[in-house]
Amino acid sequence: MYSAAARASRQAARSVSRSSTLSRRSSAHTLTRSSRIAIPTATSALFRGRIPALFYSTERVLELRTGKKKEFQPRTVYDASHEKENCGVGLVASLKSVPTRKIVVDAIEMLERMSHRGGCGCDPMSGDGAGALFGMPDAFMRSKAKDSFGVELPALGEYAVSNVFFPHGNAQALVDCKTILERLAKERGLKVIGWRPVPVDNSMLGRDPLDSEPVTEQFFVTNTGSKKYDLRTFERELLRIRKMCEDEAAAMLGPESGFYINSLSSQTITYKGQLTPEQVIQYYLDLQDPAFISHMSLVHSRFSTNTFPSWERAQPIRMMCHNGEINTLRGNKNWMYSRGGIMASDYFGNSTQQLLPATSDNMSDSGNLDSVLELLSKASDRSLPECVMMMIPEAWQDNHNLTDSKKAFYEYNSCVMEPWDGPAMVAFTDGRYIGATLDRMVFAHQDSM
């Protein structure tokens, strides 16, 4: 038997949210589908004597606090259906592919305006991670190569510059990792120009990022050594060098030693770290130089949900940045690992194994997504947009808005690559293409609206 007060409470609850109340009979509490906030009866004077122990959405709480129904509340940008929290992603590009300082300035401003999308620790100066990827700033890099090495770089696309993290407080590891990278580059017929310490200002960093702050140096290498490659082959060789260097360094120092190659490409370069969005341009002094210009940029403000913040986990990565979580990650990694034994590249031939495994438990979900995307787009003859469509297909089945040819594309590639579901939004670039796509779950939701 229930008391009269309990019966009154339950009856009132049903009248308030009859259509959304779950059938859980309890004098302690009642749940609604729009559950957002738990308000215990014993600690809430607001509900004492009214409708005790209910779980309400924020909109319903406002109704009860003000005595006004939703339609009479002041109009705001708040919407309960958008009550989510995750990373911030953005891109900016010149449609004519003309590098300007304005692209860099706009990218940094966009990143700073997404501070609310990123996370930080108890210390507001310790961010979860932020960064920006730019097209190779040719004039800037030429001037730095001239000042640092007395060398005139070849044409854009004939050299590569990489921002490399080295373990904090380990001078021997720095020397060893440099030796590995230089040796591998020379073995592939490239010419090593040298190393340039990246100027930084860490005065604004909080304790956590400062304690793990890496040594950052730029590696300059040119396509003017004993071998001469075309642009696509040059990018493939850079991928091979980076993957082999990472494997050797991991075998020597461990998988998460602090050694990390942010990017190694002739087309793009990444500046990132365990920073807040505002700290990116403050920390990296290169970005403050008016000569640093670009034709495009990806920016990312990180909210680390299932992983700890770190310098190497910040985004953008090498070809993309993303907002959301990969819900199918374990299956995606298992499938990529299992097919590794039969993967083959016309270009790499028997050396394809040098690029594998493409996935790892030592990388975040974003890191795995980026690694597979890079492998598909560089080791095969597929274009970057095609690879993105393979990995993150639209909801193509029973979708009458798609052409037959597009459905056929998705159906064919569903036999090649299982979908990586749950990214929500991915921005990607290889220096030539730049774009963004939504997760197919978002597409399906939009189609049903």
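This passage looks at how two helix pairs pack and at where salt bridges join parts of the chain in a predicted model.

Taken as a whole, the protein has 13 helices and 13 strands. Its chain runs to 449 residues, and 49% of them are buried. Much of the contact picture is long-range: among contacts with a separation of 6 or more, 72% are between residues 24 or more positions apart.

Two helix pairs are worth a walk-through. Two packed helices are described by the angle between their axes and the distance between the axes. For helix α5 (residues 171–187) and helix α7 (residues 231–253), the angle is about 150 degrees and the axes are 9 Å apart. The crossing of α5 over α7 is right-handed. On the α5 side, the contact draws on A173, D176, C177, I180, L181, R183, L184 and A185, while α7 brings in I241, M244, C245, E248, A249, M252 and L253. Sorted by class, that contact comes out as 12 nonpolar and three charged residues, with no polar ones.

The other pair sits further along the chain. Helix α11 (residues 384–391) and helix α12 (residues 404–413) have axes that come within 9 Å and cross at roughly 70 degrees. The two helices are therefore roughly perpendicular to each other. Here too the crossing is right-handed, with α11 passing α12. From α11, the residues involved are E386, M389 and M390, and they meet K406, F409, Y410 and N413 of α12. By class, the contact of α11 with α12 holds four nonpolar, one polar and two charged residues.

Turning to charged pairs, a search of the whole structure gives 25 salt bridges. One of them joins E374 to R242, with the closest N and O atoms 2.8 Å apart. Since E374 belongs to helix α10 (residues 365–379) and R242 to helix α7, this pair ties together parts that are 132 residues apart in sequence. Neither end is out in the open: E374 is buried, and R242 is buried as well. The pair also belongs to something wider, a salt-bridge network that links E235, R242, E246, R318, E374 and K378. Helix α7 thus turns up twice in this account, once in its packing with α5 and once through R242 in the bridge to α10.

A further bridge brings together the side chains of E256 and R313, at 3.2 Å from N to O. Both ends of this pair are in loops: E256 is in the one between α7 and β8 (260–261), and R313 is in the one between β10 (296–301) and β11 (320–323), 57 residues apart. What are the relative accessibilities of the two partners? E256 has a relative accessible area of 45%, so this residue counts as partly exposed. R313, on the other hand, counts as buried because its relative accessibility is 18%, under the 20% cut-off.

The bridge between R339 and E418 has its closest N and O atoms 2.8 Å apart. R339 lies in the loop between α9 (329–338) and α10, and E418 in the loop between α12 and β12 (425–429), so the pair ties together parts that are 79 residues apart in sequence. As for burial, R339 and E418 are both buried.

Conventions: Residues are numbered from 1 along each chain as its sequence is written. This is a predicted model: local features need pLDDT of at least 70, side-chain atom pairs count only at pLDDT 80 or more; totals for chains, interfaces and linings use all residues. Side-chain values use heavy atoms; hydrogens and water are left out. Axes are lines fitted to C-alpha atoms, for helices over the stretch in contact, and angles run from 0 to 180 degrees between N-to-C directions. Helices (H or I, at least four residues) and strands (E, at least two) are DSSP runs, numbered from the N terminus. Angles under 35 degrees count as roughly parallel, over 145 as roughly antiparallel, 65 to 115 as roughly perpendicular and the rest as oblique. A crossing is left-handed if the near helix is turned anticlockwise from the far one by less than a right angle, and right-handed if clockwise. Contact means heavy atoms within 4.5 Å. Ala, Val, Leu, Ile, Met, Phe, Trp, Tyr, Cys and Pro count as nonpolar, Asp, Glu, Lys and Arg as charged, and the others, Gly among them, as polar. A salt bridge is a side-chain nitrogen of Lys or Arg within 4 Å of a carboxyl oxygen of Asp or Glu. Buried means under 20% relative accessible area, exposed over 50%, partly exposed in between (1.4 Å probe, protein chains only).
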